[in-house]
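Student: Please take a close look at one part of this model for me, the loop residues with unusual backbone angles, and then work outward from there to the helices and strands. I'd like it as one connected story rather than a list.

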Amino acid sequence: MADMLYDEIRPSSRHFTEVYEDAFALWSRLHRWAVEHPTLPPAYLSPLTLCRQYPYFPPNLEMNRYIPTEEGSLPRLYVTGDSKWGPGSCNVENGFAPFQQTVKILVAIHKPIPLTIADPTGEDVGQNPWFVVSNSNYVPILALAWAYILSARWTELFPDHFSLRYTDSQAKHGGDGDDGDDGSEHAPNKHATYFNPGDVAPQEARWWAAVLAPGRGWQAATSDGQHMSRWSVSLENHRFIMETANIHHRLPIDSPAASFETALLYLDRFCQRHNVIDQSFAALAAVLVLPYCNLHPGFRFHLPCPKQIAADELDRSSFNTPARRPQIFNGCQHLDWIHNDHHLDRLITMSCRAPSVGAMLLSAFFEPGVWCEVVAPWLQGTLAAFDVASQSGPQAIARMIMEREPSVAFLWVGVTILGLHETLLKEVEQGYLHIDLESAIWSGTTQSFLQLPLHDPHVEEDCMGQSFECQLLFLSQSGLHARLIPSQWTPADVTPLKDLSPEIRAHADCPHHRLEMLGFTWDCTGGVAEFQSFDYQMDIGPRFSIPIPRNNRSDINYNYSRLNEENDEPSARATGLIGLWLRAYGWLPHEDRVFLHPWFVTILPDDRVVLPEGSQDTTYVNEGLLTPKGDDDDED
């Protein structure tokens with residue numbers, strides 16, 4: 001260990017470089033795999049693979065209003081519930097008790113999400129081997145349809161608060177006269193797409209006219225319009241001109257809005273006709289990610305330019321490709337999956353919890369075997385590999401991450417369509433990956449060392465690893481340790497048994513402790529609590545995390561452009577946050593070597609309190625330093 005450390009905490013130059021190379025080698029192998037396997041495994045394009053354990057909104061949820069303190073801010077609407085947790089098996093009488101964590105979920109926004117469609121000369125996501133009909137791209141059209149469908153279902157889930165209607169805005173009809181500007185500020189002449197939904201009834205044509213309207217063609221909102229669905233969109237720079245064989249005029253404005261079920265049938269009919277069910281699922285993935293994108297004020301919401309093929313020009317032989325179609329769709333083309341086990345409702349809940357979507361997406365970059373002291377070189381090597389991979393295009397980048405964490409591959413399809421990958425990689429560069437324990441369990445991702453099982457033995461040479469100590473303290477839910485640890489990276493230090501609190505020392509011989517989710521309880525009207533059980537335990541660890549032996553890397557051409565030992569801020573932050581959480585009540589004198597290290601000086605309080613040797617003082621000393629678990633109602 002001595003040759004791995006520069007001082008009491010910092011890694012040596014040699015160790016820093018080795019960790020950098022480990023990360024680069026891992027992601028370089030994934031890059032090679034992505035280039036050699038550009039098509040997607042069938043499961044990656046199926047919504048059935050995503051979040052099957054997520055809870056779903058029950059009827060009669062209690063709607064809460066929160067008024068921010070900022071002047072002029074509008075009230076926010078949210079629902080609440082409690083996740084139930086247990087400590088696993090325990091050998092100690094009167095050991096750790098089950099506990100709960102409150103979850104708040106924003107269910108509405110105040111402004112629609114502005115969507116633009118890329119210039120026709122830009123890159124076309126449909127021109128890749130991800131889809132059965134690879135020379136078409138209906139994704140932007142289908143994404144606009146899914147935004148309506150999710151919003152329609154949302155109004156049905158909260159019927160006492162929200163309703164759905166068409167607005168005055170419609171996609172222009174080819175029979176309306178000239179094909180110039182229709183007067184809408186959202187629909188300049190520059191870009192227009194002719195769209196033929198097929199031989200449809202007027203009600204179905206009216207739905208497409210609303211879905212493809214400039215600006216907002218429909219509204220799912222409260223009666224005053226201040227609170228709208230989280231997938232409310234406004235088409236800003238593109239115009240769709242509808243062409244239908246049997247309808248040649250603008251449709252009535254006062255038509256009733258299509259219901260959730262009806263809109264699903266309209267969409268399914270179109271997808272069946274054009275053999276684009278896989279593109280429809282990709283569009284759904286993009287729409288599910290929209291609320292998370294909306295957390296980034298500077299992000300520009302671009303959809304790729306549509307590329308359509310006439311139905312009579314389709315190669316019908318591709319409709320039932322035995323090698324792909326049955327595996328991709330698995331009955332989904334019949335819409336069975338929508339209601340089967342509330343699966344679409346689960347995805348709606350997941351999408352509403354926008355910050356947790358980010359935590360799921362970024363989980364691919366967390367490696368449980370990386371100590372907090374070497375986070376900086378690990379992320380530097382990771383990003384250097386992505387610098388190289390960027391030359392292969394966004395689809396290759398997405399494939400790398402999908403192989404690393406297949407549990408959220410479906411969402412990464414949506415990320416790629418929206419062009420969000422660069423924004424996410426910038427977050428990785430900052431060194432702090434979001435943590436959301438609920439979404440980690442529900443999605444089967446690993447976001448923190450807290451999720452790992454406590455391996456036996458916990459104690460060696462009369463010392464306990466601080467990763468185990470942190471896990472046990474969190475399971476105890478005692479005082480400040482009831483808060484989520486604000487960094488997910490694993491601490492490497494140890495604590496002598498004699499310095500552990502009696503409560504933690506009593507569990508030193510418990511071999512099977514682990515953080516387990518027991519279920520989720522929703523807060524419904526009238527004080528009623530509705531419990532939804534959880535019957536699946538995740539298989540811990542990213543799928544592609546096997547270390548690559550250093551003597552088996554002859555094919556790796558290292559890129560050291562990002563290697564920078566002086567830029568160790570991510571390591572300092574991870575180490576400092578864990579240290580301050582662990583020693584929230586002060587540290588022991590022999591730990592001065594750690595807590596008086598330069599990494600800690602800038603984040604320590606002025607009133608540093610040191611516990612006397614062997615003391616179990618319970619005075620709060622670092623309370624203001626710990627970052628509490630963020631509530632979802634702070635996201636907008």
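Tutor: Let's begin with C51, which counts as buried because its relative accessibility is 2%. Keep in mind as we go that this is a predicted model. The residue sits in the loop between α1 (13-36) and β1 (64-66). Its backbone is what catches the eye: phi of C51 is positive, near 55 degrees, and the residue isn't a glycine. As background, most residues other than glycine have a negative phi.

Now hold D462 up against it. Here too phi is positive in a residue other than glycine, this time near 60 degrees. D462 belongs to the loop between β12 (459-460) and β13 (463-465). The surroundings are another matter: D462 has a relative accessible area of 57%, so it is exposed, whereas C51 is buried.

A further positive phi turns up at Q477, near 55 degrees, just after helix α15. That helix, residues 466-476, is worth a pause. It is largely enclosed by the rest of the structure, because 11 of its 11 residues are buried. The buried set includes charged-looking company as well as greasy side chains: E469 is there, along with F468, L472, L473, F474 and L475, among others.

Burial also shows up in a strand. As a general point, side chains in a regular strand alternate between the two faces of the sheet. In β8 (residues 218-221), W218 and A220 are buried on one side, while Q219 and A221 are buried on the other, so both faces are covered. β8 runs antiparallel to β5 (residues 163-166), and four bridges join them. One of the bridge pairs is Y166 with W218.

On to the other sheet. It's open, has three strands in the order β9-β4-β11, and its pairing is parallel. β9 (233-235) and β11 (302-303) are the edges, each pairing on one side only. Between β4 (residues 113-117) and β9 there are three bridges in the parallel sense, with I113 partnered by V233. Helix α2 (residues 139-157) lies across β4, β9 and β11, and runs at about 145 degrees to β9.

That leaves two helix pairs. In general, two packed helices are described by the angle and the distance between their axes. For α3 (residues 202-211) and α4 (residues 260-274), the axes come within 11 Å and cross at roughly 90 degrees. Angles of 65 to 115 degrees count as roughly perpendicular, and that is therefore how these two helices are placed. From α3, the residues Q203, E204, W207 and W208 meet A263, Y266, L267, R269 and F270 of α4. By type, that contact splits into six nonpolar residues, one polar and two charged.

The axes of α5 (residues 277-293) and α8 (residues 343-352) come within 8 Å, crossing at roughly 25 degrees. With an angle under 35 degrees as the cut-off, α5 is therefore roughly parallel to α8. V287, L288 and P291 on the α5 side make the contact with L347, M350 and S351 on the α8 side. This contact has five nonpolar residues, one polar and no charged.

Terms used. Residues are numbered from 1 along each chain as its sequence is written. This is a predicted model: local features need pLDDT of at least 70, side-chain atom pairs count only at pLDDT 80 or more; totals for chains, interfaces and linings use all residues. Side-chain values use heavy atoms; hydrogens and water are left out. Axes are lines fitted to C-alpha atoms, for helices over the stretch in contact, and angles run from 0 to 180 degrees between N-to-C directions. Angles under 35 degrees count as roughly parallel, over 145 as roughly antiparallel, 65 to 115 as roughly perpendicular and the rest as oblique. Contact means heavy atoms within 4.5 Å. Ala, Val, Leu, Ile, Met, Phe, Trp, Tyr, Cys and Pro count as nonpolar, Asp, Glu, Lys and Arg as charged, and the others, Gly among them, as polar. Buried means under 20% relative accessible area, exposed over 50%, partly exposed in between (1.4 Å probe, protein chains only). Two strands pair if DSSP finds at least two bridges between them.
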